[in-house]
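Trainee: Hey, I've just opened a structure I've never seen before. Can you walk me through it?

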Amino acid sequence: MAFKAKKGGLGSSETTRIRITLTSTNVKALEATCAELKKGALDEKLKVYGPVRLPTKHLRITCRKSPCGEGTNTWDKFEMRIHKRLIDMESREKIVQQITSAPFEPGVDIEVTLLNMD
């Protein structure tokens, strides 16, 4: 996802682009966290892009049911789905620290990447 920084952004040299990557196996917790982050950013009057839904990873394991290997060939199939969302913001670092310091849903991994727009 490419987005271009505009020269007349927030009028400060401290303006940074923030990319927040959220990862979870629980979709409801992930969507609640995204909504919370976006609401907090919009309350601070920041430019927010997203959440962008990325493709879901399906981790599959197939194994035999029988521990000894004899008998009928029956199989167990297990699957874990990993969901991912991206949120981009343009703001100052201090404001982002306030937004991301709030407690979020358990089981949601949050990764914050900061890039200067200069």
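Mentor: Sure, and one term before we start: buried means under 20% relative accessible area, exposed means over 50%, and partly exposed is in between (1.4 Å probe, protein chains only). This is a predicted model, where local features need pLDDT of at least 70 and side-chain atom pairs count only at pLDDT 80 or more, while totals for chains, interfaces and linings use all residues. Residues are numbered from 1 along each chain as its sequence is written, and side-chain values use heavy atoms, with hydrogens and water left out.

Trainee: Got it. What does the secondary structure come to?

Mentor: The protein has two helices and four strands. Starting at the N terminus, the order of the elements is β-α-β-β-α-β. Helices (H or I, at least four residues) and strands (E, at least two) are DSSP runs, numbered from the N terminus.

Trainee: And how much of the protein counts as buried?

Mentor: Of its 118 residues, 25% do. The accessible surface comes to about 8,200 Å², and 51% of that belongs to carbon and sulfur atoms. Those areas come from the Shrake-Rupley method with a 1.4 Å probe; for residues, only the protein chains shown count as cover.

Trainee: What about contacts between residues far apart in sequence?

Mentor: Contact means heavy atoms within 4.5 Å. Among contacts with a separation of 6 or more, 75% are between residues 24 or more positions apart.

Trainee: Okay, switching to charges. How many salt bridges does a search of the whole structure find?

Mentor: Six. A salt bridge here is a side-chain nitrogen of Lys or Arg within 4 Å of a carboxyl oxygen of Asp or Glu. In general, side chains of opposite charge can pair when their charged atoms come close.

Trainee: Give me one to look at. Which side chain does Glu31 meet in a salt bridge?

Mentor: Arg53, at 3.2 Å, N to O. Glu31 lies in helix α1 and Arg53 in strand β2 (residues 47–64), so the pair ties together parts that are 22 residues apart in sequence. Helix α1 itself covers residues 27–43.

Trainee: Is Glu31 buried or exposed?

Mentor: Neither, really: at 25% relative accessibility, Glu31 counts as partly exposed. Leaving out neighbours within four places in sequence, Glu31 is in contact with Arg53 and Arg85. Glu31 and Arg85 are 54 residues apart in sequence, and their C-alpha atoms are 8.6 Å apart in space.

Trainee: Any other salt bridges worth a look?

Mentor: Try Arg60 and Glu79, whose side chains meet at 2.9 Å, N to O. That pair links distant parts of the chain, with Arg60 in strand β2 and Glu79 in strand β3, 19 residues apart. Arg60 is exposed, with a relative accessible area of 59%, whereas Glu79 counts as partly exposed at 39% relative accessibility.

Then there's Asp76 with Lys65, at 4.0 Å, N to O. Asp76 is in strand β3 and Lys65 is in the loop between β2 and β3, 11 residues apart. Asp76 is partly exposed at 27% relative accessibility, and so is Lys65, at 47%. As for shared partners, salt bridges join Glu31, Arg53 and Arg85 into one network.

Trainee: Now Glu90. Where is it found?

Mentor: Glu90 is in strand β3, which covers residues 75–91. Glu90 is buried yet has no salt bridge; the nearest side chain of opposite charge is Lys47, 4.3 Å away. For charge, Lys and Arg count as positive and Asp and Glu as negative, with His and the chain ends not counted.

Trainee: Then which side chain does Glu90 make a polar contact with?

Mentor: The side chain of Tyr49, at 3.5 Å. A polar contact is a pair of N or O atoms within 3.5 Å; within protein, one must be able to donate a hydrogen and the other to accept it, and residues adjacent in sequence count only if both atoms are side-chain atoms.

Trainee: Last topic: backbone. Which peptide bond is cis?

Mentor: The one from Gly50 to Pro51, with omega near 10°. Pro51 lies in strand β2. Also check Lys45, a residue other than glycine with a positive phi, near 60°. Lys45 is in the loop between α1 and β2, and is exposed, with a relative accessible area of 72%. For background, most residues other than glycine have a negative phi, and most peptide bonds are trans.
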